[in-house]
Amino acid sequence: MIKFIKTSFSLTNNIKTTGAITETSIFVAREITKHINPDRPQLILEVGAGYGNVTREILKKMHPDSKLFSVELNTKFCLKIEETINDPRLTVINDSAENFETYLPKQKIDAIISTLPFTFFSTQLAQSILSKFKNHLSTDGEFSQVYYSLRFLKQVKRYFSVNKVKITVNFPLGFIIHSSNKKE
């Protein structure tokens, strides 16, 4: 209980960058990572890594030869992930999600997992990030985002042709949007 209170306090103090008041639930982590393929190597981008709840789920599911780049703006959160997760497939990047392409190999991304608080972003910043996600996602790649409101779905639909919404148990209730450029 003490850990929960400390974590909630830390997240709430950084609400504009975390967009959360509690850690991501295991239900959200499982749903948002459902496109991780354990049978083939993938290049995976996680943005908004927080304390690493989703990071751990990605690492559990991914192929031994996959690479995970986890971007997190909060330095304390990055240090926590580096202290608690020891996996050579993981690269933790302490920077804004807008700069992710600077750190990745020059290849298309197979899966983008995001817990970014887009509702706190300016329209210009949100559009910039979504545009970069679209441009760097492989043809058969998947972009999965957790939201706590569906009002942002309209903006996502401007960039991705296929969008499926799943409701997940979380506090507050979470909506996972799985998006791609595939033709249905």
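Here are some exercises with worked solutions on this predicted model.

**Exercise 1. Work out the strand order of the sheet and find its edge strands.**

Start with the order. The sheet is open, has 7 strands and reads β3-β2-β1-β4-β5-β7-β6, with mixed pairing. Next, look for strands that pair on one side only: these are β3 (90-94) and β6 (162-168), the edges. To finish, check the twist. Neighbouring strands here are turned by 15° against each other on average, direction ignored.

**Exercise 2. Describe how β4 and β5 pair, and find the bridge partner of S114.**

Take the two strands together: β4 covers residues 109-114 and β5 covers residues 137-147. They run in the parallel sense, with 5 bridges between them. Now go to S114, and you'll find that its bridge partner in β5 is Q145.

**Exercise 3. Which strands does helix α5 lie across, and at what angle does it run to β3?**

Pick out α5 at residues 75-84. The helix lies across β2 (67-72) and β3. Compare directions with β3 and you get about 165°.

**Exercise 4. Take apart the largest nonpolar core, then follow L116.**

First the size: this core has 27 residues. The ones with the most contacts inside it are L45, L116, F118, L130, F133, F143 and F160. Then ask where the core residues come from. At least two are supplied by each of β1 (43-47), β2, β4, α6 (123-136), β5 and α7 (153-157). Helix α6 gives the most, with 4 residues.

Now zoom in on L116. Skipping residues up to four places away in sequence, L116 touches V47, G48, A97, F121, I129, F133, Q145 and V146. Apart from this core there's another, of 20 residues, with L59, L68, I81 and L90 among them.

**Exercise 5. Is E31 buried or exposed, and what does its side chain meet?**

Place the residue first: E31 sits in helix α3 (residues 26-32). Its relative accessibility is 17%, and buried means under 20%, so E31 counts as buried. Next, list its contacts beyond four places in sequence: K166, T168, I176 and H178. With H178 there's a side-chain polar contact of 2.7 Å.

**Exercise 6. Compare the settings of the salt bridges E57–K61 and E101–K132.**

A search of the whole structure turns up 7 salt bridges. Begin with E57 and K61, whose side chains meet at 4.0 Å, N to O. Both belong to helix α4 (residues 53-61), and because they are 4 residues apart, about one helical turn separates them. E57 is buried, at 5% relative accessible area, while K61 is partly exposed at 24%.

Move on to E101 and K132, with the closest N and O atoms 3.3 Å apart. E101 belongs to the loop between β3 and β4 and K132 to helix α6, so this pair ties together parts 31 residues apart in sequence. Here E101 is partly exposed, at 26% relative accessibility, and K132 is buried at 19%.

**Exercise 7. Find the salt-bridge partner of R89, and name the residues linked in a network with R40.**

For R89, look to D87: their side chains form a salt bridge at 2.8 Å, N to O. Check the burial too, and you'll see that R89 and D87 are both buried. For R40, the salt-bridge network links it with D110 and D140.

Key. Residues are numbered from 1 along each chain as its sequence is written. This is a predicted model: local features need pLDDT of at least 70, side-chain atom pairs count only at pLDDT 80 or more; totals for chains, interfaces and linings use all residues. Side-chain values use heavy atoms; hydrogens and water are left out. Buried means under 20% relative accessible area, exposed over 50%, partly exposed in between (1.4 Å probe, protein chains only). A polar contact is a pair of N or O atoms within 3.5 Å; within protein, one must be able to donate a hydrogen and the other to accept it, and residues adjacent in sequence count only if both atoms are side-chain atoms. Contact means heavy atoms within 4.5 Å. Two strands pair if DSSP finds at least two bridges between them. Axes are lines fitted to C-alpha atoms, for helices over the stretch in contact, and angles run from 0 to 180 degrees between N-to-C directions. A nonpolar core is a set of buried Ala, Val, Leu, Ile, Met, Phe, Trp, Tyr and Cys residues joined through side-chain atoms within 4.5 Å.
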